Amino acid sequence: MIAAAAGVPALVLLVMLCMKVAHDREASSEVRVEVTRIEKEMTGYRSQRRGLEEFFNEPATRSVTQRAAFLNALIDERSFPWTQFFLDLERHLPGGVRILTLSPGLVGDRLEVKMRVGALSDQSKLEFLKGLEEAPEFSDIEVVSEVRPGKGENLDVVEMDLSVDYRATPAGKKVRETGSGQ
């Protein structure tokens, strides 16, 4: 009798454990099927990737890609607001300062400009640099070199080589220059 009283709960536990094992085996079977499906998908994607890499490494495809990059650069250069750049530069150009040379180059959506500037005085040079520093369109202003030409060479007291980044501001975000409240 004692054996039967102890055996019934043990039998119930055994049945419960068997059901748990069967349930876990079924769940892990579903997971294994899903893992197998994902591995097959990944193998397919790797194969596609190898095919695309081979395609893009072919000389003809590389030639077309390089030509497209060149044409995109030309389009970007043509679509850059050059007029706005020169208006912004002129707005910060004080009297007594003139631009001697400009060497622009597009880098993303900004223009990297190397320029040589001549100034009639140190005061006008400093005024120009301060104007550029305060302008939101210009950043990363770096004076690369400064020379003081001799008296007979030209009228400029000082010539500087600058490197400046220019980023056009959207038309709607321009600040009015006049204080008349119009």
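This briefing covers the fold, strand pairing, nonpolar core, salt bridges and selected residues of one chain. The model is a predicted one. The chain has 182 residues, and 18% of them are buried. Its secondary structure amounts to four helices and four strands, arranged along the sequence as α-α-α-β-β-α-β-β.

**Overall measures**

- The chain has an accessible surface of about 13600 Å², and carbon and sulfur atoms account for 60% of that surface.
- When contacts between residues at least 6 apart in sequence are considered, 58% of them join residues at least 24 apart.
- A nonpolar patch of about 390 Å² on the surface is formed by Val 8, Val 12, Leu 13 and Met 16.
- Of these patch residues, Val 12 belongs to helix 1, which spans residues 2–57.
- Val 12 has a relative accessible area of 45% and is therefore partly exposed, between the limits of 20% for buried and 50% for exposed.

**Strand pairing**

- Strand 2 and strand 4 run antiparallel and are joined by nine bridges.
- In strand 4, Val 158 is the residue that stands opposite Ala 119.
- Strand 4 also pairs with strand 3, again in the antiparallel sense, over seven bridges.
- Asp 161 in strand 4 stands opposite Ser 145.
- Eight of the nine residues of strand 4 are buried, so the strand is mostly covered.

**Nonpolar core**

- The largest nonpolar core holds 19 residues, and the members that touch the most others are Phe 85, Met 115, Phe 128, Phe 138 and Leu 162.
- Two or more residues of this core come from each of helix 3 (82–91), strand 2 (110–119), helix 4 (122–134) and strand 4 (158–166).
- Beyond its neighbours within four places in sequence, Phe 85 is in contact with Phe 80, Leu 102, Leu 111, Val 113, Phe 138 and Tyr 166.

**Salt bridges**

- The whole structure contains 12 salt bridges.
- Side chains of opposite charge can pair when their charged atoms come close.
- One of the salt bridges joins Asp 88 to Arg 91, with the closest N and O atoms 3.0 Å apart.
- Both Asp 88 and Arg 91 are in helix 3, where three residues, about one turn of the helix, separate them.
- Asp 88 is buried at 0% relative accessibility, whereas Arg 91 is partly exposed at 31%.
- Another salt bridge is formed by Asp 161 and Arg 116, whose closest N and O atoms are 2.8 Å apart.
- This pair links distant parts of the chain, since Asp 161 is in strand 4 and Arg 116 is in strand 2, 45 residues apart.
- Arg 116 has a relative accessible area of 22%, which makes it partly exposed.
- Glu 146 and Lys 125 also meet through their side chains in a salt bridge, at 3.1 Å from N to O.
- Because Glu 146 is in strand 3 and Lys 125 is in helix 4, their salt bridge ties together parts that are 21 residues apart in sequence.
- Glu 146 is partly exposed at 37% relative accessibility, while Lys 125 is buried with a relative accessible area of 10%.
- Glu 146 and Lys 125 belong to one network with Asp 122 and Arg 148, joined by salt bridges that share partners.

**Individual residues**

- Ser 124 is a residue of helix 4, and its relative accessible area of 5% means that Ser 124 is buried.
- Leaving out residues up to four places away in sequence, Ser 124 touches Pro 94, Gly 95, Gly 96, Val 97 and Ala 119.
- Most residues other than glycine have a negative phi.
- Asp 140 is not a glycine, yet has a positive phi of about 50 degrees.
- Asp 140 is located in strand 3, residues 138–147.
- The relative accessibility of Asp 140 is 58%, so Asp 140 counts as exposed.

Conventions:
Residues are numbered from 1 along each chain as its sequence is written. This is a predicted model: local features need pLDDT of at least 70, side-chain atom pairs count only at pLDDT 80 or more; totals for chains, interfaces and linings use all residues. Side-chain values use heavy atoms; hydrogens and water are left out. Patches are made of residues with over 30% relative accessible area and no salt bridge: like charges are joined within 9 Å, nonpolar side chains (Val, Leu, Ile, Met, Phe, Trp, Tyr) within 5 Å. Accessible areas come from the Shrake-Rupley method with a 1.4 Å probe; for residues, only the protein chains shown count as cover. A salt bridge is a side-chain nitrogen of Lys or Arg within 4 Å of a carboxyl oxygen of Asp or Glu. Buried means under 20% relative accessible area, exposed over 50%, partly exposed in between (1.4 Å probe, protein chains only). A nonpolar core is a set of buried Ala, Val, Leu, Ile, Met, Phe, Trp, Tyr and Cys residues joined through side-chain atoms within 4.5 Å. Contact means heavy atoms within 4.5 Å. Two strands pair if DSSP finds at least two bridges between them.
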